[in-house]
Amino acid sequence: MLTINVRGENIEVTSSIREYVEKRISKMEKYFSDDSNPIAHVNLKTYPSKGTKVEVTIPLSYITLRAEEVNDDLYAGIDLVIDKLERQIKKFKTRVNRKSREGGSLKDIPLDDVTPEETEEDKSEIVRTKRLSLKPMNAEEAVLQMEMLGHEFFIFEDSETNGASIVYKRNDGRYGLIETNE
């Protein structure tokens, strides 16, 4: 049984909103086995510009399903997030099926009643490989390099830690940094 945890930021989660979220997410129960007991974490946010953001995260032992959607209409955002999550499940199931056809060994994945979409297979194919040498620099220099190249992310060697790091552009237009552990 899917447990649903609904939380609101800058919004009161009314009973009608909670019921709608539970109704839409509970339809996803068909994808999970009875013994997996997943928990869906739903975060609803509103912004001063009257926009809303819906985030749903379902951590499982073998994969974490996560989707978010920004929309003017909260209910439409919920619907779009559920659609994204179902596409993720179908894509994952396609990969599992492809792996099993190739003779790989997989644990029993408790996703039931998912029809794989063969078109999704082509999207995850690696079509190009690049080799690069990491240049020592700090995060600010890496952001400048990324912007000059017009990329969404940039890999570099952090001059302070000597480890590989990644800067990336977030959906909100700001930047994120991923550092590796030594």
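Me: What makes S5 and S6 a pair of strands?
Reply: Two bridges join S5 to S6, and they run parallel. Strands pair if DSSP finds at least two bridges between them. Two bridges meet that cut-off, so S5 and S6 pair. Strands here are DSSP runs of E with at least two residues, and helices are runs of H or I with at least four; both are numbered from the N terminus. One bridge partnership sets Pro 136 against Glu 157 in S6.

Me: What kind of model is this?
Reply: It is a predicted model: local features need pLDDT of at least 70, side-chain atom pairs count only at pLDDT 80 or more, and totals for chains, interfaces and linings use all residues. Residues are numbered from 1 along each chain as its sequence is written, and side-chain values use heavy atoms, without hydrogens and water.

Me: Why are S5 and S8 placed at the edges?
Reply: The open sheet has four strands in the order S5-S6-S7-S8, with mixed pairing. S5 (136-137) and S8 each have a single partner strand, so one side of each has no neighbour in the sheet.

Me: How do you know that S7 and S8 pair?
Reply: S7 and S8 (residues 175-179) share five bridges and run antiparallel. That satisfies the rule for pairing, so they count as a pair. They form a hairpin with five residues between them. Gly 173 in that turn has a positive phi of about 90 degrees.

Me: Is Glu 179 buried or exposed?
Reply: Glu 179 is found in strand S8. Buried means under 20% relative accessible area, exposed over 50%, partly exposed in between (1.4 Å probe, protein chains only). Glu 179 has 51% relative accessibility, so it counts as exposed.

Me: What makes Lys 84 and Glu 69 a salt bridge?
Reply: Their closest N and O atoms are 2.8 Å apart. A salt bridge needs a side-chain nitrogen of Lys or Arg within 4 Å of a carboxyl oxygen of Asp or Glu. The distance of 2.8 Å falls within 4 Å, so the pair qualifies. Lys 84 lies in helix H2 (residues 74-101) and Glu 69 in strand S4 (residues 64-71), so the bridge ties together parts 15 residues apart in sequence.

Me: Why is Glu 69 called buried or exposed?
Reply: Glu 69 has 17% relative accessibility, so it counts as buried. Lys 84, at 27%, is partly exposed.

Me: How do you know that Glu 55 and Lys 45 form a salt bridge?
Reply: Their closest N and O atoms are 3.7 Å apart. That is within 4 Å, so the pair qualifies. Both belong to a network of salt bridges that also includes Lys 53, Arg 66 and Glu 68.
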